[in-house]
Amino acid sequence: TALCLDTFLEEGVHYDDQGSMLRYILIVGRDLGLKTITLPFIENNEITYNFSIDRMITQILSENTLLATKYGINLCLELDFNNELLLTLFNKIGRLDLNHKIGTTLDIGNLYYYGLSSCDSIVVKHVHVKDRLKTGESCLLGTGCSHYQKIINFLTSTQYNSQLEYTQKNYTLQCSRSEKFNDLEAEIEIVKKQKKIFEEMMEKYSYKPPELIDKSLTLSNGPK
């Protein structure tokens with residue numbers, strides 16, 4: 001069960017507010033069985049300077065990470081800033097021994113829109129699934145600019161090379177909505193359609209280690 005704290009993106013919400021908000025959500029989340037909370041540091045809440053990293057760690061992560069560990073909840077940072085700041089952030093998190101419960105949420109739609117590479121994510125613990133047009137608008141999965149073949153292959157390969165944490169359960173669909181916003185049945189159908197599309201992509205593009213590829217070739221060439 002996953003939750004994204006989009007209230008972090010509201011104007012006028014500061015780091016101390018976010019820290020208090022996260023503490024409350026962790027306590028409630030323990031009772032609800034939450035496994036992952038995504039903290040979005042994008043758009044209005046983007047981190048742009050080193051001192052912002054220090055404030056964010058002090059006011060949001062330090063005590064809350066201990067609480068999250070106690071409750072068995074992963075904290076995931078959704079980020080859109082450059083590699084240098086990203087490495088600075090996770091180096092500081094590591095020095096404070098906070099990295100055992102902190103990772104990143106990889107947003108596939110934002111990956112293209114903000115010009116990031118899939119390798120920018122140091123420890124992927126969660127994935128937001130969406131697709132976007134060049135204009136930035138959300139669209140049906142597979143019809144936009146997101147490079148799903150490359151991204152899915154990269155994510156699933158981590159099961160075998162241990163570079164990142166990965167389980168198939170750590171995905172949240174954040175797909176485009178139906179054109180009929182007030183039609184519940186239409187919304188349900190568009191979600192089902194995109195869930196099926198993503199499952200087909202996972203089946204098609206997931207990484208297979210050489211030993212599995214060899215076995216599949218042997219089986220496919222055998223007697224029918």
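In this predicted model, E199 is partly exposed, with a relative accessible area of 42%. The partner of E199 in a salt bridge is K195, and the closest N and O atoms of the two are 2.5 Å apart. K195 is likewise listed as partly exposed, at a relative accessible area of 42%. Both residues belong to helix α6 (residues 184-205), where four residues, or about one turn of the helix, separate them.

Helix α6 itself makes a good place to linger. Its 22 residues reach 31 Å from the first C-alpha to the last, close to the 32 Å expected at 1.5 Å a residue. The buried residues of α6 are A186, E187, I190, Q194, I197, F198, M201, M202 and Y205. These buried positions lie on the same side of α6, because the arc that they cover around the axis is only 145°. On the face turned away from that buried side, α6 carries the exposed residues L184, E185, K192, K196 and E203. Charged side chains such as E187 can thus be found in the buried list, while L184 appears among the exposed residues of the opposite face.

The K195–E199 pair has company. Five salt bridges are found when the whole structure is searched. One of them joins D54 and K92, with an N to O distance of 2.7 Å. This pair links distant parts of the chain, since D54 sits in helix α2 (residues 50-71) and K92 in helix α3 (residues 83-95), 38 residues apart. The two ends of the bridge also fall into separate accessibility classes: D54 is partly exposed at 36%, whereas K92 counts as buried at 17%. For K92, the class follows from the cut-off, because buried means under 20% relative accessible area.

A further salt bridge brings together the side chains of R30 and D31, at 3.4 Å from N to O. Here D31 is exposed, with a relative accessible area of 60%, and R30 is partly exposed, at 40%.

With D31, the description arrives at helix α1. This helix (residues 15-32) has 18 residues and spans 25 Å between its first and last C-alpha atoms, close to the 26 Å expected at 1.5 Å a residue. Buried in α1 are Y15, Q18, G19, L22, I25, L26 and G29. They are placed on the same side of α1 because they cover an arc of only 130° around the axis. The cover over these buried residues includes β1 (2-4), β2 (36-41), α2 and β3 (74-79). Facing away from the buried side are the exposed residues Y24 and D31. After α1 comes G33, which has a positive phi, near 80°.

The surface around α1 has a nonpolar feature as well. Y24, V28 and L32 form a nonpolar patch, with about 330 Å² of accessible area together. Of these, V28 is found in helix α1 and is partly exposed, with a relative accessible area of 32%. V28 can belong to the patch because patch members need over 30% relative accessible area, and Y24 is one of the exposed residues on the face of α1 turned away from its buried side.

D17 is another residue of helix α1, and it is partly exposed, with a relative accessible area of 34%. In sequence D17 and Q59 are 42 residues apart, while in space their C-alpha atoms are 8.8 Å apart.

Stepping back to the whole chain, the secondary structure comes to seven helices and six strands. Along the sequence these elements follow the pattern β-α-β-α-β-α-β-α-β-α-β-α-α. The chain has 224 residues, and 45% of them count as buried. Among contacts between residues at least 6 apart in sequence, 66% join residues at least 24 apart. The accessible surface of the chain comes to about 12,900 Å², and carbon and sulfur atoms account for 51% of it.

Technical notes
Residues numbered from 1 in each chain as written. Predicted model: local features only at pLDDT ≥ 70, side-chain atom pairs only at ≥ 80, totals over all residues. Heavy atoms only, no water. Salt bridge = Lys/Arg side-chain N within 4 Å of Asp/Glu carboxyl O. Buried < 20%, exposed > 50% of the residue type's maximum accessible area, 1.4 Å probe, protein only. Helix = DSSP H or I, 4+ residues; strand = E, 2+ residues; numbered from the N terminus. Expected span 1.5 Å × (residues − 1). Arc of directions from axis to C-beta. Contact = heavy atoms within 4.5 Å. Patch = residues over 30% accessible without salt bridge, like charges linked within 9 Å, V, L, I, M, F, W, Y side chains within 5 Å. Areas by Shrake-Rupley, 256 points an atom, 1.4 Å probe, with all protein chains shown as cover.
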